[in-house]
Amino acid sequence: QVQLVESGGELVQAGGSLRLSCGASGRTSSSYAKGWFRQAPGKEREFVAAISRSGAVTYCADSVKGRFSISRDNAKNTMYLQMNRLRPEDTAVYYCAASLATGLVLTRGGYDYWGQGTQVTVSS
């Protein structure tokens, strides 16, 4: 079992950068593959990025590829989402998630634990 808490969301101007963090407590963090999702008002929660248990393998959705990057520091029980060249359409609540699956997890249904989310707002 693991508890996840996101932080770092705030208001930022278009073209700016932001770094989100996901702290974990409970079972050893390296036991979980992890990922980031986001949900805008009136829309379904969508996949953003995923990372393997060791952090060696990552994958980003086409909508953020080249702008966002995912990383983790298992010694600090923390996962990060670096967001660059932000656009107004990136505005959403961002969630971190953890899975006991062996490899990368790219679907919402593949995750077992979720944080409560952090709001990111990108102004025009």
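**Note on the disulfide, sheet and core**

1. C22 and C96 form a disulfide, with their sulfur atoms 2.1 Å apart. The model is a predicted one. The bond joins distant parts of the chain: C22 belongs to strand β3 and C96 to strand β9, 74 residues apart. The torsion about the S-S bond of C22 and C96 is about 60 degrees, so the disulfide is right-handed. Buried or exposed, where do C22 and C96 fall? Both cysteines are buried.

2. The structure holds one disulfide, which leaves C60 to be accounted for. The closest cysteine sulfur to that of C60 is in C22, at 15 Å, and this is too far for a bond; the cut-off for a disulfide is 2.5 Å between sulfur atoms. C60 counts as buried, at 12% relative accessibility.

3. Strand β3, which carries C22, takes part in an open sheet of four strands. The order is β1-β3-β8-β7, and the pairing is antiparallel. β1 and β7 stand at the edges; each has a single partner strand, so one side of each is left without a neighbour in the sheet. From one strand to the next the twist averages 15 degrees.

4. Within that sheet, β1 and β3 pair over six bridges in the antiparallel sense. What stands opposite C22 of β3? The residue is E6. E6 recurs in two contact lists below: it is touched by G115 and by T118.

5. G23 is found in strand β3, which spans residues 18–26. G23 is partly exposed, with a relative accessible area of 26%, whereas C22 is buried. Leaving aside residues up to four places away in sequence, G23 touches Q3, L4, V5, N77 and T78. For one of these, V5, the C-alpha to C-alpha distance from G23 is 5.3 Å, across a sequence separation of 18 residues.

6. N77, a contact of G23, is found in the loop between β7 and β8. N77 has a positive phi of about 55 degrees although it is not a glycine. Its relative accessible area is 31%, and N77 is therefore partly exposed.

7. R85 is another residue to check for backbone geometry. R85 lies in the loop between β8 and β9. Its phi is near 50 degrees, a positive value in a residue other than glycine. R85 is partly exposed, with a relative accessible area of 48%; the upper limit of that class is 50%.

8. The largest nonpolar core has 34 residues. Which residues have the most contacts inside this core? They are L20, W36, V48, F68, L81, M83 and Y94. At least two core residues come from each of the strands β1 (2–7), β3, β4 (33–39), β5 (46–51), β7 (68–73), β8 (78–83), β9 (92–99) and β11 (118–123). The four strands of the open sheet, β1, β3, β8 and β7, are among these contributors.

9. T118 has its place in strand β11. T118 is buried, with a relative accessible area of 9%. Not counting residues up to four places away in sequence, T118 touches E6, S7, G8, G9, L20, A92, V93 and Y94. Two of these, L20 and Y94, are listed among the residues with the most contacts inside the core. What does the side chain of T118 reach at 3.1 Å? The atom is the backbone nitrogen of G9.

10. G115 lies in the loop between β10 (113–114) and β11. At a relative accessibility of 9%, G115 counts as buried; the limit for that class is 20%. Where does G115 make contact, apart from residues up to four places away in sequence? It touches L4, E6, Y95 and C96. C96 is one half of the disulfide with C22. The C-alpha atoms of G115 and C22 are separated by 8.2 Å, although the two residues are 93 apart along the chain.

How values were computed
Residues are numbered from 1 along each chain as its sequence is written. This is a predicted model: local features need pLDDT of at least 70, side-chain atom pairs count only at pLDDT 80 or more; totals for chains, interfaces and linings use all residues. Side-chain values use heavy atoms; hydrogens and water are left out. Buried means under 20% relative accessible area, exposed over 50%, partly exposed in between (1.4 Å probe, protein chains only). Contact means heavy atoms within 4.5 Å. A nonpolar core is a set of buried Ala, Val, Leu, Ile, Met, Phe, Trp, Tyr and Cys residues joined through side-chain atoms within 4.5 Å. A polar contact is a pair of N or O atoms within 3.5 Å; within protein, one must be able to donate a hydrogen and the other to accept it, and residues adjacent in sequence count only if both atoms are side-chain atoms. Two strands pair if DSSP finds at least two bridges between them. Axes are lines fitted to C-alpha atoms, for helices over the stretch in contact, and angles run from 0 to 180 degrees between N-to-C directions.
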